[in-house]
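This briefing is for a reader who is meeting the structure for the first time. It goes through ligand surroundings, strand pairing and one helix contact.

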Amino acid sequence: MMKLVKLLALVLFATAIALPMWMATPVEGQGEAQGARTLVGQSGDDEAPTTDMDAKTDDLFNGFGIRGTPPNECDTNNEPEPPTERGNGTFEDNLFIFSERETIEDGLGPTFNDTGCVECHQFPDPGAFAQNMEFRAGRVSNGNFVDNPGGQLIHARATDSDIVEHIDTAQTVKAFRVVLSTLGDGFVECISNTSLINNVASQPSAQRGTLTNVPVVEANNALRVGRFGWKAQHASLQSFSGDAYLNEMGITNPFDGSGGNTENPASTAEGVKNVTFPSPFDPAQDPEDDGDDVLAFADFMAATRAPGRQNPIPFSDRDNVDRGESLFKQIGCEVCHTDTFITAAPNTLINGGAFRVPAALGNKKIHPFSDFALHNIGTGDGIVQNGGQSSANQIRTAALWGLRARNRLMHDGLTVTVFDAIQRHAGQATNARNAFNGLSSGSRSDVIKFLLSL
Ligand code: HEC
Ligand code: HEC
């Protein structure tokens, strides 16, 4: 009896010590799986707000931050103001900045792919999709992928014909990448590491995805589970934006991953040329953006609604779509194309401590139809980014939300029908593809109708 009392006292004491720790800010898990999932995420079942992806009627704002009013550059009282830290700007200003076209004076180029984020992330809503491609190249040496001299990203354009990039024939690994939509990515950013890890741990080993920890630039390169990009090469929207501002547009900034002072060298026919200011090719001093625009991009994307289902689904198709959805689960597509995640609780510190999950994005149920993990389904492009050499032949599971708004499919955009996209599934997805092919033609068309309702 005495022992029991002592034990009780001990337990109470330990609880008293632990309590303040529980009540302190929750921090997302860093480590290994904590057992198999029952539901991927925390408790809570608020559906995330969705957009109908109709540019004419859409309300894109999901409630993160302040909406504000559309700015007007001609009115000095109403110029767009970027945030000074994440979340303190307005949605309308951030949308405006995301939609701006940069000029050479702003720092555009010297080598670049396009003039503004919205040029590639454009329709049906700003932030979404376009048919633009990005091109990467390198070679294999001693079994390892090696970047093209001057960098694996080969820009399509330059501000001067002398520095338009040309690769040589030694670069045998060549890969096109089509644009990924960023709509709803604020919710994806707020999925905790643990939720992603538990989800993958619950997959059968033959289909299990690979998650890789990647540096979060704004958190001194603290590691977090990657989830953005075809190679899941980034974990935060701010890091992705800093990278894209430099790599897609040539605008150096503090979050670009190389310190904000260096342009990508140009791989020209005469060899690799340094094009960083004060080279004759670049009139703009570095960093060309002090980081404000990067925050505006990240916050704009974080404040967009998740892609919603087709609404209404044509009456004559409703039963087919429902049947297609059950079949999609039955034949094992859902193993990788995870239908539901719940984001981390509001206030959780994520991104290596650099971002706190806001109320509008926390505890929200989303339906991305992706595990955000890398898989080898036989489509790997041979390129290595943040995932190490073993990721050369892996690609992140394509998120199927909003599929109906895209018609260039798979990472290379070379597939133009959903049927053919399924046929390209091999490797870890062979069983699922075979199961699809084993269905009656009516059932196959139901699966496709379901996919095109996403
Ligand atoms: C030339 C076209 C182009 C421009 C300009 C461009 N992007 Fe992208 N974006 C892409 C492509 C292509 C991908 C897929 C890249 C990959 O993973 O290989 C992508 C992917 C992304 C993703 C990952 C989305 C996800 O869900 O995984 C984010 C975030 C993003 N871009 C943000 C931006 C921002 C911010 C800008 C402006 C600074 C920008 N992009 C400019 C083409 C572009
Ligand atoms: C082992 C994991 C896995 C399974 C199982 C799987 N997929 Fe995929 N799926 C992927 C990956 C990875 C990609 C991206 C591949 C690429 O772009 O090269 C993808 C891409 C797709 C795309 C193209 C989407 C786009 O936006 O380009 C569709 C459609 C698709 N899958 C449908 C299905 C269907 C239907 C099934 C079941 C028959 C299925 N998948 C089973 C991993 C999987």
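The points below are grouped by topic. The model is predicted. Two ligand shells are described, one of 25 residues around ligand 1 and one of 31 residues around ligand 2.

**Around ligand 1**

- Among the 25 residues around ligand 1, N113, C117, C120, G229 and F297 come nearest.
- Two or more residues of this shell come from each of α3 (117-120), α6 (237-247) and α7 (292-302).
- The element that gives the most to the shell around ligand 1 is α6, with 5 residues.
- By class, the shell around ligand 1 holds 13 nonpolar, 6 polar and 6 charged residues.

**Around ligand 2**

- Of the 31 residues around ligand 2, the nearest are C333, C336, T379, L409 and H411.
- Helices α9 (418-423), α10 (430-437) and α11 (441-451) are the elements that give two or more residues to the shell around ligand 2.
- The shell around ligand 2 divides into 20 nonpolar, 9 polar and 2 charged residues.

**Strands and sheet**

- Strands of a sheet pair through backbone hydrogen bonds, in either a parallel or an antiparallel sense.
- An open sheet is formed by 3 strands in the order β1-β17-β14, with mixed pairing.
- At its edges lie β1 (46-47) and β14 (341-342), each of which pairs on one side only.
- Strand β1 runs parallel to strand β17 (residues 364-366), and 2 bridges join them.
- The bridge partner of D46 in β17 is K364.
- Strand β9 (residues 213-216) pairs with strand β10 (residues 222-225) in the antiparallel sense, over 4 bridges.
- V214 has R224 in β10 as its bridge partner.
- The hairpin of β9 and β10 has 5 residues between the strands, and N220 in this hairpin takes a positive phi near 50 degrees.

**Contact of two helices**

- Two packed helices are described by the angle between their axes and the distance between the axes.
- The axes of helix α8 (residues 318-330) and α11 cross at roughly 95 degrees and come within 7 Å.
- Helix α8 is therefore roughly perpendicular to α11, since angles of 65 to 115 degrees count as such.
- The contact of α8 with α11 is made up, by class, of 5 nonpolar, 3 polar and 4 charged residues.
- On the α8 side, N320, V321, R323, G324, E325, L327 and F328 take part, and they meet S443, D446, V447, K449 and F450 in α11.
- Helix α11 thus appears in two places here: it gives two or more residues to the shell around ligand 2, and α11 also meets α8.

Definitions and conventions. Residues numbered from 1 in each chain as written. Chains lettered and ligands numbered in written order. Predicted model: local features only at pLDDT ≥ 70, side-chain atom pairs only at ≥ 80, totals over all residues. Near = placed C-beta within 6 Å. Nonpolar A, V, L, I, M, F, W, Y, C, P; charged D, E, K, R; others polar. Pairing = 2+ DSSP bridges. Axes fitted to C-alpha atoms, helices over the stretch in contact; angles between N-to-C directions. Parallel < 35°, antiparallel > 145°, perpendicular 65-115°, else oblique. Contact = placed C-beta atoms within 7 Å.
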